[in-house]
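Student: Could we go through this model together? I would like to know what stands behind each label.
Tutor: Gladly; let us have it in front of us.

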Amino acid sequence: MTNLLILGGTTEANALAKAVAQLGIPATYSYAGRVENPRPQPVQVRVGGFGGAAGLARYLSDSAVTHVVDATHPFAAQMSGNAVAACAETGVPLAALTRPEWAAQDGDRWQHASDTAAAVAALSGPAQRVFLAVGRMHLEDFAAQPQHHYLLRLVDEPDMLPLPNCDVVVSRGPFTVEEDLALIMRHETQLVVSKNAGGTGARAKLDAARALGVPVLMIDRPTLPKRVEFSGVTQVLDWLTHP
Ligand SMILES: NC(=O)c1ccc[n+]([C@@H]2O[C@H](COP(=O)([O-])OP(=O)(O)OC[C@H]3O[C@@H](n4cnc5c(N)ncnc54)[C@H](OP(=O)(O)O)[C@@H]3O)[C@@H](O)[C@H]2O)c1
């Protein structure tokens, strides 16, 4: 009998959880525990790290997991690497549910950075009003460029401001283009810094930036180990039911 582990924290993982719940496929949804009130799921939920690849391998054996779907964010490289290693060790089949990268369109003014450190380095110029739309992790790295005024959009109210010169907007996506046009105009944003997350939930800021002629510093995706990859829930369900 199938016993699926979904490595989650994304819209894609939520859609998969909904689909397997509707089909009555037993599944557990795993959250890292980064946000205070994670969305409820229609399947069993567990929260928190496993303790590296070895901890995940132990969990897979102890919980008799038959399939793992890595539906984590494309920038969750550590978790994805651990999933590949733990599934190889235990022989549990692994598939990734991924989303295509965003590609620049006519009118976009994108500059690319290979990772967060490169994005920080690219901000070495004069003071600007920067919409730092990169989530909560690694914000402190941008303190190395303290000349800018940063706009942060976070899921939870931070305990303390992660950067000296910043405004925080607490909001959980998905966001609309109208909302992001208004946000960028209200904050007089001169540069948007974004991870190339792909998908629909966070892309409104890019459409808004294009419409307003605002440049984007795009952090490219980390390289992940090779694994079976699907881009849709239906394909994952086929894989689960017709291995
Ligand atoms: N990175 C982003 O930009 C981003 C954006 C939106 C959502 N998310 C979501 O936020 C979570 C954390 O992302 P991250 O970039 O911090 O990951 P990461 O750097 O790849 O992972 C660091 C550690 O966090 C734990 N972890 C990560 N995802 C987990 C999950 N789904 N279930 C249980 N433990 C998990 C693992 O701890 P152990 O080694 O102890 O197992 C992992 O080694 C993921 O669920 C991801 O889908 C990330």
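Tutor: Two strands pair if DSSP finds at least two bridges between them. Strands (E, at least two residues) and helices (H or I, at least four residues) are DSSP runs, numbered from the N terminus. This is a predicted model, where local features need pLDDT of at least 70, side-chain atom pairs count only at pLDDT 80 or more, and totals for chains, interfaces and linings use all residues. Residues are numbered from 1 along each chain as its sequence is written, and side-chain values use heavy atoms, with hydrogens and water left out.

Student: What makes β1 and β2 a pair?
Tutor: DSSP finds 4 bridges between β1 and β2, in the parallel sense. The rule asks for at least two, so the two strands pair. One of the bridges joins L4 to A27 in β2.

Student: How do you know that β2 is mostly covered?
Tutor: Buried means under 20% relative accessible area, exposed over 50%, and partly exposed in between (1.4 Å probe, protein chains only). In β2, 5 of its 5 residues are buried. A27, Y29 and Y31 point one way from the strand, while T28 and S30 point the other way.

Student: Why is R227 called buried?
Tutor: R227 has 17% relative accessibility, and the limit is under 20%, so R227 counts as buried. This residue lies in the loop between β11 (216–219) and β12 (228–230).

Student: What is R227 in contact with, leaving aside its neighbours within four places in sequence?
Tutor: Contact means heavy atoms within 4.5 Å. By that rule R227 touches D70, S80, V84, L94, A96 and T98.

Student: Why is β7 described as largely enclosed?
Tutor: Strand β7 (residues 129–133) has 4 of its 5 residues buried, so the rest of the structure largely encloses it. β7 pairs with β8 (residues 149–154) in the parallel sense over 4 bridges, with L132 opposite L152. β7 also pairs with β10 (residues 191–195) in the parallel sense over 4 bridges, and there A133 has S194 as its bridge partner.

Student: Which residues of α5 are buried, and what makes them a face?
Tutor: In helix α5 (residues 177–186), the buried ones are D180, L183 and I184. Seen down the axis of α5, the buried residues fall within an arc of 95 degrees, so they line one face of the helix. The arc is that of the directions from the helix axis to the C-beta atoms. E178 and R186, on the other side of α5, are exposed. The buried residues of α5 pack against β7, β8, β9 (166–170), β10 and α6 (204–212).

Student: What makes the pairing of R34 with the ligand a polar contact?
Tutor: A polar contact is a pair of N or O atoms within 3.5 Å; within protein, one must be able to donate a hydrogen and the other to accept it, and residues adjacent in sequence count only if both atoms are side-chain atoms. A polar side-chain atom of R34 lies 2.8 Å from an oxygen atom of the ligand, so the distance meets the limit. For K195, a polar side-chain atom lies 2.7 Å from a ligand oxygen atom. H73 instead uses a backbone N or O atom, 2.9 Å from an oxygen atom of the ligand.

Student: How much of the ligand's accessible area does the protein cover?
Tutor: The protein covers 78% of the 810 Å² that the ligand has on its own. Such areas come from the Shrake-Rupley method with a 1.4 Å probe; for residues, only the protein chains shown count as cover.
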